[in-house]
Amino acid sequence: CCVNLVAGGTLVFQERFDPALVLLTIGQERLTLLGGVPTMLLLLLDHPDFEQTDFSSLELIGWGGAALPVPIIKRLQKLAPRLINVYGMTETAANTTYTSPDADLEELSETIGRPSPHMPCRIVNSDGNLCNVGEHGELQFKGDHLLLEYLNRPEATRDVYTNDGWLHTGDLGYWRENGTISLVGRMSDMFKSGGYNVYPREIENLLESHPAVEMAAVVGVPDDRYQEVGAAFVVVNEGIESKSLATFCRENLANYKVPKSITLVKNLPTLPVGKVDKVALKQQAITEIN
């Protein structure tokens, strides 16, 4: 928003996200940039007014907060000449990584781009050492735009920084050969099944690669034998049974990564910011088990 204003751009505010109103505004205001979290973009693409919307003014569509499935990105590519995927946090006060202006489908779907030169990034393993290319670790940032402190929470402020001044993000990722970063998931989302680390985002990516799947969310739930197992919630765009998706997972994942349950749903619960509410999904999964 700040960059837009500095450049002399116009911001169109809405009290709350309303897909119908957003679609109407795109045409009426001749918007050139459209951004949001993936859930918002999915709601726009699935809205009854989508086909009647004039998108000819759009020059850029951007998203952050989560990955988008390849089929959805392909649909967005038909609406605007440029797409961008970004990564940032409230604590960084701005986006800290960006995909390339001419990013291809692989970069848009599998990475969060490269770090901003004004916000250095390092990826550190559990031993505190810098990660090599392909090695999973926590993303940490440093720069002049990081939060000063949490209000009246000195302990939280202390814990969010390393001893040498880098910000903990709690996000796991790895460097790719070309200098881009791929996210693995939240450290808090990771669960152990039979002693093995399982990253839900890997399973979600696989499920979302299935042509019948629009969106997927995976959470870890308690299990007497394996300590924790995966529970998947999947939004589908055509008729398919959960058994078929389970077979698809078994054919493409190690056995310990295959979700123990796959629940087909019409939509996924979301937080006020539009991100998937995994706490609610985990509670739902635990309730169904019991």
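A residue is called buried here when its relative accessible area is under 20%, exposed when over 50%, and partly exposed in between, with a 1.4 Å probe and protein chains only. Leu60, at 14% relative accessibility, therefore counts as buried. The model is a predicted one, in which local features need pLDDT of at least 70 and side-chain atom pairs count only at pLDDT 80 or more, while totals for chains, interfaces and linings use all residues. Residues are numbered from 1 along each chain as its sequence is written, and side-chain values use heavy atoms, with hydrogens and water left out.

Leu60 sits in strand 2; strands (E, at least two residues) and helices (H or I, at least four) are DSSP runs numbered from the N terminus. Setting aside residues up to four places away in sequence, Leu60 is in contact (heavy atoms within 4.5 Å) with Thr32, Leu33, Leu34, Ala80, Arg82, Leu83 and Ile84. One of these partners, Leu83, is 23 residues from Leu60 in sequence, yet their C-alpha atoms are 5.6 Å apart.

Turning to the protein overall, nine helices and 14 strands are found, and 46% of the 290 residues are buried. The radius of gyration, taken over C-alpha atoms, is compared with a globule rule of 2.2 Å times the number of residues to the power 0.38. The value of 20 Å agrees with a compact globule, because 290 residues would give a radius near 19 Å. The C-alpha trace spans about 60 × 55 × 40 Å along its principal axes.

The largest nonpolar core, a set of buried Ala, Val, Leu, Ile, Met, Phe, Trp, Tyr and Cys residues joined through side-chain atoms within 4.5 Å, has 36 residues, of which Ile61, Leu76 and Leu268 touch the most other members. Elements that each supply at least two residues of this core include helix 2 (19-29), strand 2 (60-64), strand 12 (213-223), strand 13 (227-236) and helix 9 (278-289). Beyond four places in sequence, Leu76 touches Leu41, Leu45, Ile61, Trp63, Leu68 and Leu83. Another core, of 19 residues, lies apart from it and has Phe191, Phe248, Leu253 and Ile262 among its members.

Leu76 also takes part in a helix pairing, where Leu41, Leu42 and Leu45 of helix 3 meet Ile72, Arg75 and Leu76 of helix 4. The axes of helix 3 (residues 38-45) and helix 4 (residues 70-77) come within 11 Å and cross at roughly 65 degrees; axes are lines fitted to C-alpha atoms over the stretch in contact, with angles from 0 to 180 degrees between N-to-C directions.
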